[in-house]
Amino acid sequence: MGLNRLAWRMLAARPLRTLLTMVGIGLGVGVLAASLTLGAALDRSVDRTVSDIVGRADLRVSAFLESGLSDAALETVRSTEGVATTAATLEHRTFLSTATGDPQAAVTVLGVDPATYPALHDLTVVSGTGFAASDVQVALISQELARHDGYAVGSQLSILGAGGEQQLRVVGILAGSGGVSGSDRVALVPISVARQAFALAGASRIDIQVAAGVDPATVSARLAQRMAEPYVLSSPADIAAGLRASSASFQGTAALIAAIVLFVGAFLIVNTLSMTVGERAREVGLLRMAGSTRGQVMRFVFAGALVLGVVGSAFGVILGTAFAYALAHTVSAATGVTAIVTGIDPQSALMAGAVGLGITILGAIEPALRAARITPFEALRARFDLPSVRRSRLGWIAAVFVLVGAMALVAWPPAIAGSGAERALAVYAVLLVATLLTPFFLRPLARLLGLPVALLLRLEERLARGSLARDRSRTTLTLGSLVVGLAMVVALGWSAQAARASANAWLQDVIPGDEVVSSIRPIGPDEGVRDALRQLPGVARVTPIGTFDLAYRGYRVDAAAVVGADFLADGRLHAVTGDRDAALRGLDAGGTVIVPAAVAARLGLHVGDTMRVALAAANHVDLRVSAIVERSIPATSGEAVLVSWADATQSLGVAGADAFAVRFTPDATAADRANLDATATQYALEANPVERIQGAVADALARVFGLFDVLAIIAVIVAALGIVNTLTMGVLERIRELGVLRAIGMSRGQAFRMVVVEAAVLGIVGAVLGSVVGLVVGAVMLVLGGGFAPVVGVPWLPIEIAVVLGLGLPILASIYPSRMAARVSIVEALQFE
Amino acid sequence: MRPFHVDLGIARAATLEAPSHDGPASWTEFRPTPMTATGETMPAILEANGLTKRYVLGRRMTEALRGVTMSVAAGEFVALMGPSGSGKSTLLQLLGGLDQPTSGSVVFEGRDISHMSDAQATKLRRERTGFVFQAFNLIPLLSVRENIALPFTIAGQNPSRGELKDRVRQVIELVELTGKEDHRPDQLSTGEQQRVAVARALVTRPSVLLADEPTGNLDYTTGGELLQALWRSCDEAGQTVVLVTHDARAAAYADRVLVIGDGRITDEIVLGRRVDHSAAPLISRLAQIGL
């Protein structure tokens with residue numbers, strides 16, 4: 001169709017602008033596609049892990065002690081009301097001892113009940129058969145084990161058992177890793193065979209399927225009542241939630257950044273199409289004069305947008321998959337969930353592509369309406385000056401922003417629905433307000449910040465500033481996208497800094513020492529290590545810390561044995577409820593426990609409650625909660641509850657300290673510190689200054705935030721593409737002015753500098769506004785993110801980065817339009833149209 | 001001494017007297033060219049020798065100038081007249097160093113400017129020539145005063161103090177725009193805008209003022225005011241002016257009219273310096289040569 005061809009030609013007439021716009025859309029869609037693809041990969045990974053771990057079970061009771069669950073405990077589980085099916089499993093790691101097997105690599109032997117196990121877990125046999133009877137010396141092995149060690153159906157498998165080698169016959173090969181998480185060298189044997197081979201009783205765990213219509217929570221509560229020995233209860237939902245928790249905040253932030261990049265991309269689209277309509281106004285007028293309807297004119301703007309959207313989105317999907325592929329490893333490391341990206345994820349690609357196309361069309365609405373308002377008389381004008389260009393497009397910015405936000409909500413990763421959505425929305429709203437306010441700040445800020453430039457390049461600065469004021473909507477859109485991008489850089493930088501500061505403050509708050517001397521084995525009180533360290537010069541206090549875990553109502557709880565008096569004297573810990581001093585003073589006598597707030601919330605504990613800790617042989621010890629503290633000593637999976645050394649050694653089976661916190665005297669010298677390190681080494685201990693522990697925390701945080709920084713910088717790059725567009729448009733519009741200026745003696749260098757200064761003024765204003773907005777966004781993120789005090793100091797480094805990017809990228813972006821300005825031919829520029 | 005005359009120019013100039021209906025009074029003002037006190041003609045300030053200019057437009061070659069030789073004396077007001085496409089604007093651009101000829105040379109104040117570097121040409125434009133174009137002479141975002149002072153600003157001078165400030169004030173007075181110094185171009189009438197352009201062209205006291213259809217966008221009255229301003233600068237301050245126009249009424253302000261057709265100078269009509277700018281003699285003269 002003729003008009004569509006005209007649309008195509010309009011785009012082809014300005015290949016650079018068209019290309020930049022497509023790249024801009026592509027980057028926006030790319031970040032979204034990458035975010036969605038990675039999210040999908042993480043979700044797949046979580047689902048696979050959960051199904052590998054628990055299969056169709058509703059609950060899993062695992063042994064807390066190494067000795068496993070006793071037969072009595074298994075019987076208690078089976079007889080609990082509401083339990084329909086159970087499958088006990090005995091897991092034991094051992095080695096193979098055959099000529100064919102790899103004697104170095106361990107295998108996981110899983111003793112299962114051939115009768116009940118398949119009811120809860122899928123056993124996909126790729127060759128051979130399943131179990132026939134329950135007491136025969138047979139094994140099903142994983143495909144990995146078979147492949148690696150060269151076993152086939154019928155092979156003999158010799159495992160190292162308690163009484164020497166045990167001969168098993170391989171009757172079947174299981175698909176993949178055999179459906180067991182954590183190892184792919186797996187051999188399934190009947191549980192009776194495993195018990196006999198390793199001389200064990202009971203089981204490692206028992207999976208439960210509850211009866212129809214029974215709430216697993218009810219069964220959990222009954223188990224908590226009935227189980228005498230320590231156990232750990234988990235459900236597929238718990239496991240999935242645990243796995244997702246680590247990836248949810250990542251997904252949320254990535255989705256937010258994607259929305260912002262897309263929004264910045266939307267600026268680019270609105271700008272590009274508006275410029276095209278402005279440039280082609282006379283042609284549009286001619287079309288109208290020749291009888292085109294408003295609808296046809298609008299259609300042809302939309303046709304142009306469609307071309308930009310389709311090509312840009314397609315490019316974005318490919319780019320996004322490449323991003324996702326490149327980032328998969330980092331994301332896996334940062335979230336602890338393995339994300340595997342193999343290719344284009346159709347659902348993510350479709351979603352990202354549709355969003356990209358949708359935003360392009362949305363961005364086209366305003367230019368299309370404007371094109372439709374062009375009257376046939378415009379064609380008759382000697383020179384076209386769009387009067388409506390001067391009208392603000394702020395309303396449309398808001399509309400596009402809100403629509404992008406709405407689309408983002410729809411596309412919000414379902415796995416993390418609710419988590420962080422309100423934070424993302426708040427950030428988004430702050431950015432919208434900031435963008436809408438930008439034009440009001442532009443003029444005074446440009447004037448103020450242009451002053452230093454004006455001192456050096458008076459003329460260039462004056463002309464550049466005027467040029468920025470020429471089309472305020474366009475400048476607003478351009479500056480707005482720069483501000484938004486830079487604000488994200490600052491906000492994320494601040495968040496990272498706050499997270500680091502918060503982690504540091506936590507460690508400072510809870511560790512009663514300047515160094516932590518740790519041991520890989522428990523050191524008993526009678527070994528004299530504590531005294532040896534304490535007698536060193538410059539050492540004020542040495543306090544032993546023993547970490548372990550305890551079982552409470554089916555939870556595995558991290559715990560630490562500490563000397564309350566030392567914490568009291570050192571001034572560590574802050575009580576949320578309860579009397580800190582009394583609790584710490586009373587701790588050493590035994591019978592009480594100090595619980596960190598996060599753990600108290602999870603376990604539902606309050607000051608005065610009794611924590612009944614299950615012990616082996618159906619024993620238990622009762623500990624009274626004496627205080628709830630803000631934060632406590634970091635442990636393997638969170639924070640530790642604090643108990644006395646008396647309880648730890650007498651009831652809870654703790655053999656000794658695995659760390660000593662060492663506090664130096666205020667006048668301790670570097671030599672004293674070195675001396676401590678040397679002494680620690682003599683006792684086979686490792687001395688770590690608290691700063692080093694903080695450094696390790698910071699490194700972990702840096703990995704996560706580094707990823708976000710990359711995404712935020714993409715937003716700034718998209719903004720820079722917009723700047724190329726805007727400056728180029730500015731030069732084209734002023735070509736006659738440039739001709740006059742050159743005719744009255746402006747040099748090429750001055751023409752070049754004029755555009756560079758324009759970019760620089762834009763950049764300086766963008767950097768200042770971006771930093772301010774970034775601080776606001778950062779504060780919103782920190783306050784809504786919770787846990788962080790917003791007062792963590794000014795993030796100078798991120799602001800410096802924003803300033804460097806804000807100045808550097810626009811100036812880089814100005815090179816092409818500047819050269820264009822410098823090369824304007826006076827004669828051509830002055831030709832009367 | 002005049003280095004070049006189109007052959008029939010002098011002879012035809014003589015016939016100017018015949019169809020006069022302005023009365024003899026105007027002829028008392030007739031001066032063929034500006035003269036020094038001793039009665040000699042002023043030396044040429046601007047000369048073109050065998051200028052040709054070819055453009056490649058798409059696949060077609062256009063020959064805008066096909067060998068033009070002419071000269072302008074210091075203090076002279078010369079009009080280049082011709083129909084559109086005759087090459088008169090191209091000639092003006094070459095004379096002002098805006099463009100370079102395909103062959104031939106332009107000698108300005110004794111210096112060949114036809115093959116200067118861009119930097120040299122920029123310096124020349126900045127210091128020695130002033131331009132006025134048909135339209136869009138002004139930078140919209142600058143005030144009248146800023147627009148007029150622009151050549152100084154471009155040269156890195158501060159036009160808001162000292163002698164430069166006086167010069168800006170003087171040209172504003174010359175073009176009768178006192179009181180409108182702080183207006184923006186879009187607050188002025190088209191005629192006023194063009195007068196600002198003239199003021200800007202004059203403020204650097206250039207050797208030559210080159211004007212390309214400066215009245216093309218103006219109505220009868222405002223056009224007349226502008227031409228009056230140009231003429232005053234020439235007559236009162238001795239400003240050399242080269243004016244391109246297709247309008248006989250505008251050309252009638254000149255001392256001498258060069259008629260250009262098809263890339264060549266086809267006629268020269270000497271009007272002399274006249275207080276009254278009646279176009280009638282010129283029009284009848286043009287009619288005689290078939291224009």
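Me: Buried means under 20% relative accessible area. What share of chain B counts as buried?

Reply: This is a predicted model. Of the 291 residues of chain B, 54% count as buried. Chain B still exposes about 12400 Å², with 51% of that area supplied by carbon and sulfur atoms.

Me: And what are the corresponding values for chain A?

Reply: Chain A has 833 residues, and 56% of them count as buried. Its accessible surface comes to about 33100 Å². Carbon and sulfur atoms hold 60% of that surface.

Me: Why is D247(B) called buried, partly exposed or exposed?

Reply: Its relative accessible area is 28%. Buried needs under 20%, and exposed needs over 50%. The value falls in between, so D247(B) is partly exposed. The residue sits in the loop between strand 8 and helix 8 (248-251) of chain B. D247(B) lies 164 residues from P83(B) in sequence, yet their C-alpha atoms are 9.2 Å apart.

Me: Why is helix 2 of chain B described as largely enclosed?

Reply: Seven of its eight residues are buried, so the rest of the structure largely encloses helix 2 of chain B. Among the buried residues are K88(B), L91(B), L92(B) and L95(B). Helix 2 (residues 88-95) of chain B lies across strand 1 (44-57), strand 2 and strand 4 of chain B. After the helix comes G97(B), with a positive phi near 75°.

Me: What makes the angle of helix 2 to strand 1 of chain B oblique?

Reply: The helix runs at about 120° to strand 1 of chain B. Roughly perpendicular covers 65 to 115 degrees, and roughly antiparallel starts over 145. An angle of about 120° falls in neither range, so it counts as oblique.

Me: Why are helix 15 and helix 22 of chain A given the direction label they have?

Reply: Helix 15 (residues 472-510) and helix 22 (residues 690-733) of chain A pack at about 175°. Over 145 counts as roughly antiparallel. The two helices of chain A are therefore roughly antiparallel to each other. Their axes are 8 Å apart. The contact has 23 nonpolar, 10 polar and four charged residues.

Me: What makes strand 2 and strand 5 of chain B edge strands?

Reply: They belong to an open sheet of four strands with the order 2-1-4-5. Strand 2 (60-73) and strand 5 (111-112) of chain B each have a single partner strand, so one side of each has no neighbour in the sheet. Pairing throughout this sheet is antiparallel.

Me: How do you know that strand 4 and strand 5 of chain B pair?

Reply: Pairing takes at least two bridges. Strand 4 (residues 103-108) and strand 5 of chain B have two bridges, so the criterion is met. V107(B) stands opposite D112(B) in strand 5 of chain B.

Me: And how do you know that strand 1 pairs with strand 2 of chain B?

Reply: Here 11 bridges join the two antiparallel strands of chain B. At least two would do, so these strands count as paired. K53(B) stands opposite L65(B) in strand 2 of chain B. The hairpin has two residues between its strands, and G58(B) takes a positive phi near 65°.

Me: What kind of pairing does the sheet of six strands in chain B have?

Reply: Its pairing is mixed, and the strand order is 6-7-8-3-9-10. Strand 6 (129-132) and strand 10 (264-270) of chain B are its edges, each pairing on one side only. The twist averages 20° from one strand to the next. Strand 3 (residues 77-81) and strand 8 (residues 240-245) of chain B pair in the parallel sense over five bridges. M81(B) stands opposite T245(B) in strand 8 of chain B.

Me: What makes strand 12 of chain A mostly covered?

Reply: Of the 14 residues in strand 12 (residues 539-552) of chain A, 11 are buried. Each of those is under the 20% cut-off.

Me: Which strands does strand 12 of chain A pair with?

Reply: Strand 21 (residues 657-664) of chain A pairs with strand 12 in the antiparallel sense over six bridges. There I545(A) faces A659(A) as its opposite residue. Strand 13 (residues 555-562) of chain A also runs antiparallel to strand 12, joined by seven bridges. D549(A) stands opposite D558(A) in strand 13 of chain A. In the hairpin of strands 12 and 13 of chain A, R553(A) has a positive phi near 50°.

Notes: Residues numbered from 1 in each chain as written. Chains lettered and ligands numbered in written order. Predicted model: local features only at pLDDT ≥ 70, side-chain atom pairs only at ≥ 80, totals over all residues. Heavy atoms only, no water. Axes fitted to C-alpha atoms, helices over the stretch in contact; angles between N-to-C directions. Parallel < 35°, antiparallel > 145°, perpendicular 65-115°, else oblique. Nonpolar A, V, L, I, M, F, W, Y, C, P; charged D, E, K, R; others polar. Contact = heavy atoms within 4.5 Å. Buried < 20%, exposed > 50% of the residue type's maximum accessible area, 1.4 Å probe, protein only. Areas by Shrake-Rupley, 256 points an atom, 1.4 Å probe, with all protein chains shown as cover.
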